[in-house]
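Here's a friendly walk through a structure you may be seeing for the first time. Keep the 3D view open and follow along.

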Amino acid sequence: MRSKKQMIWASIAILLVASLVLAACGKTAEAPAAEAPAGETVAALPQGQELANAYAGQYKGTVVTMAGPFTDQDEVVFNDSIKGFEEKTGIDIQYEGSKEFEANINIRLDGGDRPDIVDYPQPGLLKYAVEKGYAIDMTTLINPEWIKTNYSDAWQALSKMTGPNGEIVAGIWARANGKSFVFYPKKAFDAAGYKVPETWDEMMALTQQIADDGDTPWCIGIESGAATGWTMTDWIEDVMLRVAGGEKYDQWVAGELKFDSPEVREALDYIEAIWFNDAYVYGGRAAIPTINFGDAPKPMFEDPPKCWFNRQGNFVTTFFPEEAVAGVDYSFFYLPGIKEEYGKPVLGAGDIYAVFNDRPEVRAVIQYFSTGESLKVWVESGGAILTHNDASLDWYVDPVTRGVAETIRNATTFRFDGSDMMPGAVGAGTFWKYMTDYVSGSITRDEALRQIDASWPK
Amino acid sequence: MANSLKSHKASQSFWTNFVLIVICVLWMIPILGILITSFRPSDEIFRNGWWNVFPHKEDVEVSRVVIPESVDVDGPISYGGKTATFQEWQRGIQLDDGTKATWYGNKRTRTLIISENKWVGFATNLTLENYKDVLTGKTITYKNAQGQTITRTGNNLGGAFLNSLAVTIPGTIIPILIAAFAAFGFAWLDFPGRNVVFTIIVALLVVPLQIALVPILQDYVKLELNGTFLGIWLAHTGFGLPLATYLLFNYISTIPRELLESAYIDGASNFTIFTNLILPLSVPALASFAIFQFLWLWNDYLVALVFLGEKNQTVTIAVAQLVGEKGQDWHLMTAAAFISMILPLVVFLSLQRYFVRGLMAGSVKG
Amino acid sequence: MNISQTKSPGANNPITKILSWFGTAIGQLFVSVLVPAVTFLVLWQGYLFLQRAAAPQIVQVLVAIVWGVGGVALLYVVTNWLVMKLPKKISKTLQPFVFVGPAVVIMGWFLAVPVVRSLVASFRNYLGTEWVGLENYKFAFTDPRMLETFRNNLLWMVFGTFFSVAFGLLIATLADRSKAEVLYKSIIFTPYALSFVGAGVIWKFIYTYKGTGIGIREIGLLNAVVTALGGTPQPWLNLTPWNNFFLIVIMIWLQTGYAMVILSSAIKGVPAELLEAARIDGANEFKIFFSIIVPYIKGTLLTVTTTIVIFSLKTFDIVRVMTGGNNGTNVIANEFYLQSFTYNNAGRASAIAIVLLLLVTPVIINNVRSFNQQRRGF
C-alpha cells in the first residue's frame with residue numbers, strides 16, 4: 001500500500017522535474033536588444049537610411065557579430081580599420097576570426113548559429129549559403145543605386161548568385177587581389193643588367209639567360225596544406241586567358257569546355273616548358289609540390305638571389321622578409337600576354353561580405369562596408385587592394401601595391417579565379433589534387449585531365 | 001645453480017632494458033626535434049636542420065677569391081692548380097691544400113668562396129623568445145599611412161588555459177562516471193535489449209563525430225546551450241561515451257563473479273556494489289580512460305570551436321590564432337606544442353600510481 | 001562517496017533518525033517531491049550562474065567544475081534513491097535503466113540520431129533537397145578516389161594496427177620488469193600527449209625535401225641521413241605508394257602509447273601468484289608470456305585491437321596535415337571530411353560515413369561474440 005503511494009509520488013516528482021527542465025529550456029534567457037531611441041528622422045545617406053541613423057547615434061549599444069578568416073595580424077588591422085566607425089556610432093562590431101573558417105562557417109549556418117555578417121575569402125563558399133537560402137539580398141539592405149555607382153560592372157556581375165528564390169546580389173566585395181604578377185628581386189635584377197620582359201618570348205629568353213648564367217630563374221612552390229595545388233591551378237588559369245581568351249575561359253570554368261581539350265593542353269605546354277625543366281626551377285620539378293607557396297619566394301631575397309621570378313598574387317608580399325622594401329628590394333612585372341588577340345588579361349580574386357540577419361544596425365554596418373572608407377586603414381598599412389570605386393589610388397602607400405591596383409583597374413580582360421567559380425568538388429578538390437599528382441609525377445597529364453573531367457558533377 | 005640463475009636474471013634485465021632503450025630512443029627523436037626547434041630563432045629553422053645545434057663538421061668560409069675579368073667564365077676556369085668548368089666549380093672542388101673552393105652565386109659574381117671543413121660547437125643562438133611570444137602574446141606591428149608603427153600584443157594563453165581546464169576536467173569526469181554506471185549495467189545486470197544496445201554502442205565507435213556537429217548545433221541553438229560550458233561537456237560526453245563504455249565494460253566484466261555474488265548474499269544493493277566494489281576495483285581502467293579522454297579534450301579543436309566559439313577560447317584555439325593565417329610560424333607552433341603538452345604529461349604521471357599490480361589479487365584464489 | 005549510509009534504514013546515525021521522521025505517508029510524499037526539486041533547483045541556479053558569466057573567470061571555472069561533476073553524481077544518487085523507493089519488483093526491473101539509461105540517452109542524442117539522419121541524407125543530393133537513390137553509394141564504391149582510399153585504409157588497418165599493438169604489448173611487458181618503468185612509459189606516451197599540430201610540424205621536418213640543386217641544404221632528417229650515407233634526397237611524401245607507409249609510421253608513433261597504457265593496466269592485473277608459480281616450475285619468460293600473460297589479457301588485447309582498427313579507419317588528421325591526401329595517400333575519413341566541409345556535398349559525405357559503418361561490421365560481430373561469452377548478468 002505504502003509503496004504504491006510512493007510510486008505515484010515519485011512519478012509525480014519525476015514529471016515535475018522534467019517539466020521544470022523543459023520550461024527552463026524553453027525560456028529565452030535575455031530580453032531582446034534595447035530598442036534604439038526613436039529619434040527624429042535623419043536625412044538618408046547615398047548608401048541608405050540606416051547608415052545615417054547610425055551616425056546620429058540611434059543604434060548606440062547594439063552589437064553586430066561578424067565571422068571571417070582573419071586572424072593574427074590581419075585581425076588586428078581589420079579591427080583597427082573599423083574602430084573609427086564603432087566610436088562614432090556606438091555599434092560594437094564583434095569580429096570572430098577563425099583559422100578553420102572554411103570548415104566552420106557552414107556548420108554554423110546549417111546549425112542555425114548565424115553571425116550577422118560573414119567575410120568570405122572566396123565566393124565559392126558563399127555560393128553554398130546562397131543555395132541554401134541563408135544569404136540576404138544586398139539590394140534590400142543597401143541602396144541599389146549606391147551598389148551600382150560604387151562597384152564596377154565586373155564586380156557587380158561576380159556578386160550575383162542564384163538562390164532558391166532566383167538570382168540575388170549575394171554580397172558586396174571588399175578586398176581584391178590580382179594574380180597575374182611576377183615578383184622579382186629588383187636590386188639584384190637591375191645590378192645584373194636584366195631587363196623586365198614585355199612579351200612571353202622575352203620572358204622565356206630571359207629565363208634561359210639566367211639559367212645560362214648559372215642560376216635557377218623561377219621559384220615555384222604549390223604546397224599549401226590541405227589546399228595544396230592552388231598555385232598550379234592559378235598558373236593554368238592565367239595561361240588559359242593568354243592562349244584561349246576570356247570567352248573560352250568562361251566556357252571552361254562553366255564546365256562546357258573540357259579539361260581534356262586542346263586549349264587546356266596548350267596552356268599546360270607553356271607551363272611544362274618552365275616547370276618541368278630542372279634548370280629553370282629552384283629545387284627542380286620534384287620539389288615544387290613540397291615547397292610551401294609562402295616559402296617559395298624566400299630564395300629571391302638571399303644574397304645573391306638563388307632564384308629570380310615568383311609568379312603569384314599580390315598578397316604574397318606579406319610573405320617577403322620584413323626588411324625588404326617594396327620598389328627597392330623587390331618589384332613586379334605583369335605576366336606577359338601570349339597571343340596578341342587576347343590582349344592583357346588579368347586574373348584576380350577577392351573577399352566578399354554577406355549578411356545573414358536583417359536588423360537596422362546590421363544594415364548600417366554593411367552600408368558602411370560598401371564604402372572604401374571602411375578599409376582605408378588596412379589599405380594604408382599595405383597589402384590590401386580595394387574593389388570600391390570611391391577608394392582613391394592615393395591611399396596605396398607603396399609603389400608596388402599602387403601598380404598592382406592600377407593594373408587591375410586597367411585590365412582589358414579581368415577574370416575571376418576560375419577554380420573558385422567551379423563546383424567545389426572540382427575547384428577546391430580534384431583540380432588541385434590531380435594537378436599536384438601530375439606535377440609530382442605520380443600520374444600522367446592525360447590521366448589527370450581525364451580524372452578531373454570525370455569528377456565534374458553532372 | 002643459484003649463481004647461474006642470478007646471472008641469467010641479470011642478462012635478462014640487461015636485454016629488457018636494452019630493447020626498451022632502443023625503442024625509446026627511436027620514439028624520442030621526433031620529440032627531441034620539436035624541443036630543439038622550439039628554442040631556435042625562426043629564420044634559422046628553415047636554414048638548416050635542427051640537429052645542427054649539436055657539434056658537427058661543417059664547411060666554414062675562410063676567404064674569397066675574385067676571378068679576373070680576363071678569364072672567360074664560359075670556358076674552363078683555373079684556380080689553385082685545378083681547372084674545371086663553371087658548373088664544376090659551382091658544385092665545389094677540393095683543392096690540394098685541403099680547402100674547398102665553391103663558386104658564389106652565378107657567373108657574374110666571379111667569386112670563389114674558399115672554405116675549410118671544421119668542427120662547429122654547440123649552437124649558441126638558442127632563444128626563449130618563442131616561448132615568450134606564446135605565453136605573453138606575440139607583438140604585432142604594422143605601419144599606418146603616416147608611417148608610424150602601430151604595435152599591438154596578440155592573444156596570450158593565460159585565460160585560454162583556464163578555459164581549457166573548465167572544459168577538460170568535467171568533460172573527462174562526467175563521461176567516465178556515466179560510462180562506468182553503464183558498463184556495470186551491461187556487464188552484470190540483465191535487462192531486455194541488452195545485446196542490441198551493446199552492439200550499437202560498438203558500432204558508434206566508428207561514427208565520425210563530424211556528422212553530429214550540425215544536428216547538435218541546431219539543438220543547442222534551440223536549447224540556448226550554444227557557447228556554454230554545459231553544452232561542450234555534454235558534447236564531449238556524447239562523443240566520448242562509446243569508447244568509455246566499451247573500454248570500461250571490458251574491464252568490469254572481468255571482475256570475478258564470486259566477488260559480486262558474496263556481496264549480493266550479504267544483501268548489498270546494486271548501487272552499493274557499484275560504489276563500494278566496482279569503482280574501487282576499476283581504478284586502473286578508469287585511470288587509463290581518464291588519460292585518453294583528458295588528452296582528447298585538451299587537444300580538441302573542432303568541437304570547441306563549434307560549440308564553445310571564440311569567446312571562451314581554449315588553448316588549442318588560442319594557439320591556432322597565435323600561429324596566424326599563414327601557418328608558417330613553426331617556431332611558435334613547436335613552442336606552443338611543448339607548453340600545451342606539459343599538463344597532459346603531468347596527468348599521465350600522476351595517474352601512474354593507479355596502475356599497480358594486485359588490486360584483484362586476493363580475490364582470484366577463491 | 002559513502003552513499004549507502006544515508007540510504008540503508010538499518011544504519012544508526014543521526015541522518016537516518018531524522019529521515020525516519022519522514023516515514024509517514026505525508027513525509028514520504030514531501031520528500032519524494034522535495035529531494036528532486038531541491039536537486040534541480042541547485043543545478044538550475046548553477047546553470048544560470050554560469051550562463052550569466054559575470055563572476056571572475058577563475059571563480060566561474062571552479063563553479064563549473066564542481067557543478068558539472070557534482071551535478072551528475074547527484075542526479076544518479078537521486079534517481080537511484082527514487083527508484084529504490086518503488087516496490088521491489090518494479091525497482092528491480094527499472095534499476096538497470098538507471099545504470100545504462102543516461103549513457104544510452106546521451107549516445108542516442110549525440111551519435112545514433114545523427115547516424116540515422118546521415119543514412120537519410122545519403123540518399124539525397126548534395127544540398128539535401130532531392131532524392132537521388134543510390135547515386136552517392138555508386139560514388140562511394142566506384143569512384144577511383146574512393147577505391148584508392150579503400151586500398152590505403154587497408155594498409156593503415158593492417159600495418160598500423162599490427163605494429164601499434166605489437167610495440168605496445170612489447171613495451172608494456174618489458175617495462176613491467178624494469179625499474180625505470182615510469183620513465184620508459186612516459187617517453188612512449190609523450191607523442192600521444194602532443195597536439196597533432198605540433199606533431200605534424202616535426203614529422204614535416206623529418207620527411208621534408210628541398211629539391212636538388214646548387215647550394216640546397218636538406219632540413220629534413222630522413223634526407224640528411226640518406227645524404228650522409230651517400231644517397232640522393234627523395235621527396236618521401238610524394239613517392240606513391242611508399243608514402244603511405246611513411247604516414248603509417250606516424251600513426252604507430254602516436255598509437256603505441258595508447259596500446260601500451262591499456263595493455264599495461266591489464267598486465268598489472270595478472271596475479272603475481274600465477275607468475276611466481278610458473279617461474280618456480282621453471283618456465284622461461286617466453287613461455288610465461290605466451291601461456292600465461294597473453295591468455296590472461298586476451299580480452300584487453302581484443303579491446304585494444306578493436307579500438308586501434310577503428311582509429312585507423314577514422315584517421316584523417318595525419319593525412320590532412322602531411323599530404324592533404326595527394327599522391328595516392330587519400331583515406332576514407334579524409335575524403336569524408338573533404339566532401340562535407342570543402343565540397344559541401346552532404347549526400348556523398350553521408351554515404352561515406354555509412355560505408356565506414358559497414359566496414360566495421362566484422363569487427364562488431366567479433367566483439368559481440370565475445371560479449372556473449374562474457375555474458376553473466378545477475
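Strand E3 of chain A pairs with strand E10 (residues 345-355) of chain A, and the two run antiparallel, with 4 bridges between them. One of the matched pairs here is A:Ile117 with A:Val355 in E10(A). Keep in mind as you look around that this is a predicted model.

E3(A) also has a link to strand E1 (residues 63-68) of chain A, this time in the parallel sense and through 2 bridges. In that pairing, A:Ala67 has A:Val118 of E3(A) as its bridge partner. So much for the backbone; what about the side chains? In general, the side chains of a regular strand alternate between the two faces of the sheet. Take E3(A), which covers residues 117-120: which of its residues point one way, and which the other? A:Ile117 and A:Asp119 share one direction, A:Val118 and A:Tyr120 take the other, and all of them are buried.

Now for another part of chain A. Here 3 strands make an open sheet, in the order E8-E7-E9, with antiparallel pairing. The edge strands are E8 (310-312) and E9 (331-334) of chain A, each of which pairs on one side only. From one strand to the next, the twist averages 35°. As a general point, strands of a sheet pair through backbone hydrogen bonds, either parallel or antiparallel.

Strand E7 (residues 181-184) of chain A is joined to E9(A) by 4 bridges, while E7(A) and E8(A) pair over 3 bridges, also in the antiparallel sense. A:Phe183 is a handy residue to click on: its bridge partner in E9(A) is A:Phe332, and its bridge partner in E8(A) is A:Asn310. A:Val182, for its part, is matched with A:Phe333 in E9(A).

What lies across E7 and E9 of chain A? That's helix H15 of chain A, residues 399-410, and the helix runs at about 15° to E9(A).

Time to zoom out. Along its principal axes, the C-alpha trace of chain A spans about 100 × 65 × 45 Å. Here are some whole-chain values for chain A and chain C, side by side.

| Chain | Residues | Helices | Strands | Buried | Share of contacts (separation of 6 or more) that join residues 24 or more apart |
|---|---|---|---|---|---|
| Chain A | 458 residues | 18 helices | 12 strands | 52% | 75% |
| Chain C | 378 residues | 18 helices | 0 strands | 46% | 63% |

In words, chain A has 18 helices and 12 strands, whereas chain C has 18 helices and 0 strands.

Chain C also brings us to a neighbour. How many residues of chain B are in contact with chain C? The count is 108, and they meet 103 residues of chain C. On the side of chain B that touches chain C, helix H5 (residues 158-188) of chain B supplies the largest share, with 17 residues. What kinds of residues make up that side of chain B? They divide into 73 nonpolar, 31 polar and 4 charged.

Terms used: Residues numbered from 1 in each chain as written. Chains lettered and ligands numbered in written order. Predicted model: local features only at pLDDT ≥ 70, side-chain atom pairs only at ≥ 80, totals over all residues. Pairing = 2+ DSSP bridges. Axes fitted to C-alpha atoms, helices over the stretch in contact; angles between N-to-C directions. Contact = placed C-beta atoms within 7 Å. Buried ≥ 20, exposed ≤ 12 C-beta atoms within 10 Å, placed from the backbone. Nonpolar A, V, L, I, M, F, W, Y, C, P; charged D, E, K, R; others polar.
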